[in-house]
Amino acid sequence: MASRIWPVLNLTLRRCFHSARALKSVPRKRSVARRFAYGLTGSIVGAAAYDGLVNELENIQGAQRFLRSFAIGLSISVDYAWSLKGLQEGDGVYESILPEIHLRSAKKLLNGCLANGGLYIKIGQGVAAVNHIIPKEYVDTLRQLEDRCLTRKPGEVRALFMKDYGVPPEELFSSFQYEAIAAASLAQVFRAVTKQGEQVAVKVQYADLRKRFDGDLRTIMFLQKMVALLHKNYNFGWIIDDLQGTLREELDFIHEGKNAERCAKDLAQFDFVYVPKVLWNLTNERILTTEFIDGCKVSDREAINAMHLDLTEIDRQLFTAFGQQIFSTGFVHADPHPGNVFVRKDPTNPRHMQLVLLDHGLYEQLAPGVRENLARFWEAIVLRDHAAMQRYSQALNVPDYRTFAEILLQRPLELKGRSNTFSTRLTEQDLAYMTRQAKEHFDRIMGTLRAMPRNLILVIRNLNTIRSIARDHGDPIDRPRILARCALAALGPTRRNVRNFLWVTFRKLRFEFLLWRQSFHYWIISNYLKLLTRVGRSPDTSHLMNINIDV
């Protein structure tokens, strides 16, 4: 009997014993878990407090920017993969859906750039600038970043001066206005007066940009590499690589000051161009002080008219100055938009105007060989020397010389075919022919731009920017004629003697005659088409005579 009961009793006792031990160990395990949770929470709070006191929460904010960027990148990748699943290029549905995905993705990028600020806004602006490659939906959406800047904390400017100079700006200057007169993605501009009584403009970099630069750039580079791995058709990594170098230069205001002085030296022969002088004793890597210029933007027609200045003269000087940079000096301003080009009356001669060039953070250096080939190519356009055009175009690594010429001229290289045959009415066949020609031109131009070396893209973007200024002025001058003269002037012989003088004179006279003949021919055809439109014999065909490509 006992032998039967004992095993059962023994088993029951062992279970009770183990249950009791288990009950005793539960609080202990919970206690360890609780202590671990408290320790982890304390560490996180302590790290956050330390980051707030020492780095102003920069590490936490950097982590937030990374996570936000990663989530946006993942969302865009999933959207493309899911929406295009099972579709192929050319089936119709693919082409109809793709613009919608582009637009959704561009809006996500825009919101991410605005939320992250700083470097993200600058890179978004840079991506929008390469609009000959990036889909239109991205370009149109990201262009909203052009007028955006960071929201700044009160007292930041004063703190930056204290850190860099050891004194607040009101002690460094006789007076300092804390209200910014201009702002952009990297800096703000303030007005001040020096101890010597000179009116100055003080460009102050956002204080945290240098701290965030490397971390944010690593995040962006990491994300674009991940996109390249996931999407085989993605090939825009070089855009970020290019922007990386230029952005580092833009963060150095000493570099910008030196660029300004070189620009002033290169254009010193022109009385109608002025570059504000740099006050080096009040300039460092994050603060740039220059003389204050009282003028108006070159796009402000109302202010220009109030000063009684001539738009034709302004545009002529504008193209001459930048033609000099492109063909002669090779040191080319990378962004001559209206906010960076001011107009004023010449202080030494109020009857004349003066262009004031601002914001010298980014320049492109064109090699002498590129400048010479470009000038000779433009000369060959005027001379109608197709063999020379092809030779110099290939030397510039642009295979299609005809399209390259049209990109530079922004008008057809030759006016042949039905558009060059005079009649009292344009038939449907004539209009269809001209429209087809314009469409073929556009397709060839976009293909040529995608294959073009990047230094030439910058030249074309530069020319396009100043041409848009002239277009807003009503196109009062013949732009190709002025640029052609700049190109020929850059090819003049260095030695001065009677023989060279006679040769240069003959060459210039011949060149001017051919320029006049081309301009007159284009004027005749353009006005003939306008006349037909005016008398109701043809719809508006002016867009077919101009090749407008935003680069």
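User: In this predicted model, does Gln-317 count as buried or exposed?
Analyst: The relative accessibility of Gln-317 is 10%. Buried means under 20% relative accessible area. Because its value lies at 10%, Gln-317 counts as buried.

User: Which residues distant in sequence is Gln-317 in contact with, leaving aside its neighbours within four places?
Analyst: Gln-317 lies in helix 12, which covers residues 311-329. With neighbours within four places in sequence left aside, the residues in contact with Gln-317 are Phe-272, Met-353 and Leu-355.

User: In what order do the 4 strands of the open sheet stand?
Analyst: The pairing in this open sheet is mixed. Its edge strands are strand 5 (273-274) and strand 7 (296-297), each of which pairs on one side only. The order of the strands is 5-10-9-7.

User: What angle does the direction of helix 12 make with that of strand 10?
Analyst: Helix 12 packs on the sheet and touches strand 5, strand 9 and strand 10 (349-357). Its direction makes an angle with that of strand 10 of about 45°.

User: Which residue in strand 9 does Lys-297 stand opposite?
Analyst: Strand 7 and strand 9 (residues 341-346) run antiparallel and are joined by 2 bridges. Strand 7 comprises residues 296-297. The residue in strand 9 opposite Lys-297 is Phe-342.

User: How are the axes of helix 13 and helix 15 related, roughly parallel or roughly perpendicular?
Analyst: Two packed helices are described by the angle between their axes and the distance between the axes. The axes of helix 13 (residues 368-383) and helix 15 (residues 401-409) come within 11 Å and cross at roughly 90°. Angles of 65 to 115 degrees count as roughly perpendicular. Therefore helix 13 is, with respect to helix 15, roughly perpendicular.

User: How many nonpolar residues are in the contact of helix 13 with helix 15?
Analyst: Helix 13 contributes Leu-374, Phe-377, Trp-378 and Ile-381, while helix 15 contributes Tyr-401, Phe-404, Ala-405, Leu-408 and Leu-409. This contact holds no polar and no charged residues. The number of nonpolar residues is 9.

User: Within what distance do the axes of helix 14 and helix 15 come?
Analyst: Helix 14 covers residues 386-395, and its axis crosses that of helix 15 at roughly 85°. That angle makes helix 14 roughly perpendicular to helix 15. The axes come within 9 Å.

User: How many charged residues are in the contact of helix 14 with helix 15?
Analyst: The contact is made by His-386, Met-389, Gln-390 and Ser-393 of helix 14 together with Tyr-401, Arg-402 and Phe-404 of helix 15. These residues include 3 nonpolar and 3 polar ones. The number of charged residues is 1.

User: What distance separates the C-alpha atoms of Val-370 and Tyr-392?
Analyst: Val-370 has its place in helix 13 and is buried, with a relative accessible area of 17%. Along the chain, Val-370 and Tyr-392 are 22 residues apart. The separation of their C-alpha atoms is 9.5 Å.

User: What distance does helix 18 reach from its first C-alpha to its last?
Analyst: Helix 18 (residues 479-490) has 12 residues, and the span expected at 1.5 Å a residue is 16 Å. Among its buried residues are Ile-482, Leu-483 and Leu-488. The helix reaches a distance close to the expected one, namely 17 Å.

User: What percentage of the residues of the protein count as buried?
Analyst: The secondary structure of the protein comes to 19 helices and 11 strands. Of its 551 residues, the share that count as buried is 43%.

Key
Residues numbered from 1 in each chain as written. Predicted model: local features only at pLDDT ≥ 70, side-chain atom pairs only at ≥ 80, totals over all residues. Heavy atoms only, no water. Buried < 20%, exposed > 50% of the residue type's maximum accessible area, 1.4 Å probe, protein only. Contact = heavy atoms within 4.5 Å. Axes fitted to C-alpha atoms, helices over the stretch in contact; angles between N-to-C directions. Parallel < 35°, antiparallel > 145°, perpendicular 65-115°, else oblique. Nonpolar A, V, L, I, M, F, W, Y, C, P; charged D, E, K, R; others polar. Expected span 1.5 Å × (residues − 1). Pairing = 2+ DSSP bridges.
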